[in-house]
Amino acid sequence: PKVGNCYNLTKAQVAADYSDVPAINCLQTHSSETYRVVKLAANDLASNYDLAKATKVCMPWRGKSKFFNYWAWFIPNPEQQSAGQHWIRCDAMIVKNYDQTTQDYTVTSWKGKRLDLR
């Protein structure tokens, strides 16, 4: 993954540990933009990461954005991990109807906007 990649992810894909959804042109409708990719040491397995560790990697984000209000993180899929890939990808998103109690939300898609997080 690369910083600046855009993806059109569903809510179920956002909740997954890893994403095999290919990057798309950011001028197309999309729901997430990668703002940070951290390469891990070979002995620091991405599969050992949980929300607390991912938060340390993905937060704080740089810059301000009037659009960004949610983030998600992804690790390499099992095949990528077996091939020696060790990274965490942090994606910025826009969600609406976020409920703090149930942690339910609706993923919002947009077209042509960049999230100015660098």
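How many helices and strands does the protein chain have? There are three helices and seven strands. The model is a predicted one, and a walk along it from one end to the other gives the pattern β-α-β-β-α-β-α-β-β-β.

**The chain as a whole**

The protein chain counts 118 residues, of which 37% are classed as buried. Its exposed surface comes to about 6900 Å², with 51% supplied by carbon and sulfur atoms. Contacts across the sequence are worth a look too. Among contacts in the protein chain with a separation of 6 or more, 65% are between residues 24 or more positions apart.

**Two nonpolar cores**

Let us start inside. The largest nonpolar core is made of 14 residues, and Tyr35, Cys58, Trp73 and Ile88 have the most contacts inside it. Helix H2 (51-58), strand S4 (70-74) and strand S5 (87-99) are the elements that give two or more residues to this core. Cys58 is a good place to look around: leaving aside residues up to four places away in sequence, Cys58 touches Tyr35, Arg36, Trp71, Trp73, Ile88 and Cys90. Three of the core's best-connected residues, Tyr35, Trp73 and Ile88, are thus met again in the list of Cys58 partners.

There is also a second core, separate from the one above, with 10 residues that include Val14, Val95, Tyr105 and Val107.

**Salt bridges**

Side chains of opposite charge can pair when their charged atoms come close. The structure holds two salt bridges. In one of them, Asp104 pairs with Lys11, and the closest N and O atoms are 2.1 Å apart. Asp104 belongs to strand S6 (residues 104-108) and Lys11 to helix H1 (residues 11-15), so this pair ties together parts that are 93 residues apart in sequence. Asp104 is partly exposed, because its relative accessibility is 37%. Lys11 falls in the partly exposed class as well, with a relative accessibility of 34%.

The other pairing joins the side chains of Asp91 and Arg89, with an N to O distance of 2.8 Å. Here both Asp91 and Arg89 are buried.

**The largest pocket**

Which residues lie closest to the centre of the largest pocket? They are Leu51, Tyr70, Trp71, Ala72 and Trp73, out of 14 residues that line it. The pocket holds about 420 Å³ of space. H1, H2 and S4 each bring at least two residues to the lining, and S4 gives the largest share, with four residues.

Leu51 deserves a closer visit. Leu51 sits in helix H2, and its relative accessible area of 55% makes it exposed. Not counting residues up to four places away in sequence, Leu51 touches Trp71 and Trp73, two residues that are also listed among those closest to the pocket centre.

**Three residues and their distant partners**

Is Gly4 buried or exposed? Gly4 is buried, because its relative accessibility is 15% and the cut-off for buried is under 20%. Gly4 is found in the segment before strand S1 (6-7).

Tyr98 has its place in strand S5. With a relative accessible area of 36%, Tyr98 is partly exposed. Setting aside residues up to four places away in sequence, the residues touched by Tyr98 are Tyr70, Gln103, Asp104 and Tyr105. Two of these appear elsewhere in this report: Asp104 is the salt-bridge partner of Lys11, and Tyr105 is part of the second core.

The table sets out one pair for each of Gly4, Leu51 and Tyr98, with the spacing in sequence and the C-alpha to C-alpha distance.

| Pair | Separation in sequence | C-alpha to C-alpha distance |
|---|---|---|
| Gly4 and Thr34 | 30 residues | 5.2 Å |
| Leu51 and Ala72 | 21 residues | 9.6 Å |
| Tyr98 and Asn69 | 29 residues | 9.9 Å |

Notes: Residues are numbered from 1 along each chain as its sequence is written. This is a predicted model: local features need pLDDT of at least 70, side-chain atom pairs count only at pLDDT 80 or more; totals for chains, interfaces and linings use all residues. Side-chain values use heavy atoms; hydrogens and water are left out. Buried means under 20% relative accessible area, exposed over 50%, partly exposed in between (1.4 Å probe, protein chains only). Contact means heavy atoms within 4.5 Å. Accessible areas come from the Shrake-Rupley method with a 1.4 Å probe; for residues, only the protein chains shown count as cover. A salt bridge is a side-chain nitrogen of Lys or Arg within 4 Å of a carboxyl oxygen of Asp or Glu. A nonpolar core is a set of buried Ala, Val, Leu, Ile, Met, Phe, Trp, Tyr and Cys residues joined through side-chain atoms within 4.5 Å. On a 1 Å grid over the protein atoms alone, a cavity is a set of points where a 1.4 Å probe fits but cannot get out, and a pocket is an open set with protein on both sides within 12 Å along at least five of seven lines; lining residues have an atom within 4 Å of a point. Grid points are joined across faces, edges and corners, and a volume is the space filled by probe spheres set on the points.
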